[in-house]
Amino acid sequence: MSTTGGTADPLAALGALPGVAGSVESVRKAVDRVYGHRVMRRRSNEITSEAALRGARGSASLSGADWALEEVRRRTDFSGDDEARLMGAALRLTAEAGQLLSIWRQSPLRVLARLHLVAAATNGAEVGRPRQAGERVDEPLVELPLPGADEVHGRLDGLSELIIAGGSAPALVTAAVVHGELLALRPFTSHNGLVARAAERIVLVGSGLDPKSVCPSEAGHGELGRAAYLAALDGYVSGTPEGLAAWIAHCGRAIELGARESTAVCEALQRGAA
């Protein structure tokens with residue numbers, strides 16, 4: 001999908017697609033249930049911390065490091081094999097995303113570059129900037145055709161303009177488009193999936209839908225599984241109304257599942273305090 005369509009507010013237009021309004025309402029209800037829980041009034045910081053851990057674990061699972069939650073919680077060294085480094089990158093991104101909210105609306109490309117730098121954790125010349133012509137992309141789990149560097153730069157600029165301009169689109173729609181566009185473009189030489197899912201979280205938190213970051217969409221994406229994730233992404237890339245609506249609905253379901261996880265954490269904390 002190109003984000004530089006002819007309408008004044010193309011993101012708002014996506015919000016009018018059949019079925020999207022229902023997804024938006026369902027997400028809002030799921031988020032409200034978490035925020036209305038009595039535990040959130042006293043222990044929201046604990047819920048946020050646990051959501052960050054579960055979100056990082058879910059995001060890493062979609063990129064090839066499918067670890068049990070307790071293993072992520074137990075491990076302190078993430079410098080070993082490829083899976084460990086991938087999990088470490090997901091954890092770093094989750095921690096970094098919260099520090100970038102104030103920058104996102106003014107300079108989303110700067111935020112994306114920072115996310116890639118944090119994920120890659122190297123000093124290579126290709127780190128922290130969109131890829132150039134001829135550079136290879138290490139993203140084996142996404143097998144869609146790879147757009148050329150010129151198209152990547154143009155579409156990133158278009159996405160940035162939409163974010164900076166704002167608009168009336170629901171947070172779910174904006175987050176889904178940011179996520180889908182970054183996966184479709186794979187603008188960096190590595191870690192694009194992790195960066196795309198972190199950017200989705202930044203939109204959800206910064207929009208005010210989930211200001212305390214307690215509804216980890218990445219955990220929901222992980223629970224839905226890689227096959228469903230890639231099938232929904234195919235819909236986004238198709239650019240058809242049905243495909244776009246299906247991708248937005250998939251992202252909405254992921255947020256709902258993330259909210260459900262945090263609701264369960266709240267219930268467990270409440271039982272422990274009883």
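# Close-up views of a predicted model

**Figure 1. Helices α5 and α7 cross.** The axes of α5 and helix α7 (residues 108-120) come within 8 Å, crossing at roughly 145°. This is a view of a predicted model, as are the other close-ups below. The crossing of α5 past α7 is right-handed. On the α5 side the contact is made by A89, R92, L93 and E96, and on the α7 side by R114, L115, V118 and A119. Sorted by character, the residues of the contact of α5 with α7 comprise five nonpolar, three charged and no polar ones.

**Figure 2. H116 is a residue of helix α7.** Let us stay with α7 and look at one side chain. Is H116 buried or exposed? H116 counts as buried because its relative accessibility is 0%, and the cut-off for buried is under 20%. Which backbone atom does the side chain of H116 reach? That atom is the backbone nitrogen of G128, at 3.0 Å. Setting aside neighbours within four places in sequence, H116 has contacts with E126, V127 and G128, and also with F188, T189, S190, H191 and V195.

**Figure 3. H191 has a positive phi.** H191, one of the residues in contact with H116, sits in the loop between α9 (171-185) and α10 (192-206). Its backbone is worth a look: phi of H191 is near 60°, and the residue is not glycine. For context, most residues other than glycine have a negative phi. With a relative accessible area of 21%, H191 is partly exposed.

**Figure 4. S213 also has a positive phi.** Here the view moves to the loop between α10 and α11 (217-224), where S213 lies. Phi of S213 is near 55°, again a positive value in a residue other than glycine. S213 counts as partly exposed, at 26% relative accessibility.

**Figure 5. R85 and D82 form a salt bridge in helix α5.** Back on α5, the closest N and O atoms of R85 and D82 are 2.4 Å apart. How far apart do R85 and D82 lie along helix α5 (residues 82-97)? They are three residues apart, so about one helical turn separates them. The two partners can be described by their accessibility: R85 is partly exposed, with a relative accessible area of 40%, whereas D82 counts as exposed at 57%. In general, side chains of opposite charge can pair when their charged atoms come close.

**Figure 6. R57 pairs with D66, and R129 pairs with E135.** How many salt bridges does the structure hold? There are 18 salt bridges in the structure, and this view takes in two of them. The side chains of R57 and D66 meet with an N to O distance of 2.7 Å. R57 is partly exposed at 24% relative accessibility, while D66 is exposed with a relative accessible area of 52%. In the salt bridge between the side chains of R129 and E135, the N to O distance is 2.7 Å. E135 counts as partly exposed, with a relative accessibility of 23%.

**Figure 7. Five residues share a network of salt bridges.** Which residues are linked in this network? The members are the acidic residues E50, E70 and E261 together with the arginines R54 and R73.

**Figure 8. D32 and D210 are set side by side with their sequence separation.** D32 belongs to helix α2 (residues 20-35) and is partly exposed, its relative accessible area being 40%. D32 and D210 are 178 residues apart in sequence, yet their C-alpha atoms are 9.1 Å apart in space.

**Figure 9. R38 and V265 are 227 residues apart along the chain.** R38 can be found in the loop between α2 and α3 (40-62). A relative accessible area of 48% makes R38 partly exposed. The C-alpha atoms of R38 and V265 are separated by 12 Å.

**Figure 10. P170 and L183 are 13 residues apart in sequence.** The loop between α8 (149-165) and α9 is the place of P170, which counts as partly exposed at 26% relative accessibility. From C-alpha to C-alpha, P170 and L183 are 20 Å apart in space.

Terms used. Residues numbered from 1 in each chain as written. Predicted model: local features only at pLDDT ≥ 70, side-chain atom pairs only at ≥ 80, totals over all residues. Heavy atoms only, no water. Salt bridge = Lys/Arg side-chain N within 4 Å of Asp/Glu carboxyl O. Buried < 20%, exposed > 50% of the residue type's maximum accessible area, 1.4 Å probe, protein only. Helix = DSSP H or I, 4+ residues; strand = E, 2+ residues; numbered from the N terminus. Axes fitted to C-alpha atoms, helices over the stretch in contact; angles between N-to-C directions. Left-handed = near helix turned anticlockwise from the far one by under 90°. Contact = heavy atoms within 4.5 Å. Nonpolar A, V, L, I, M, F, W, Y, C, P; charged D, E, K, R; others polar. Polar contact = N/O pair within 3.5 Å; in protein donor to acceptor, adjacent residues only side chain to side chain.
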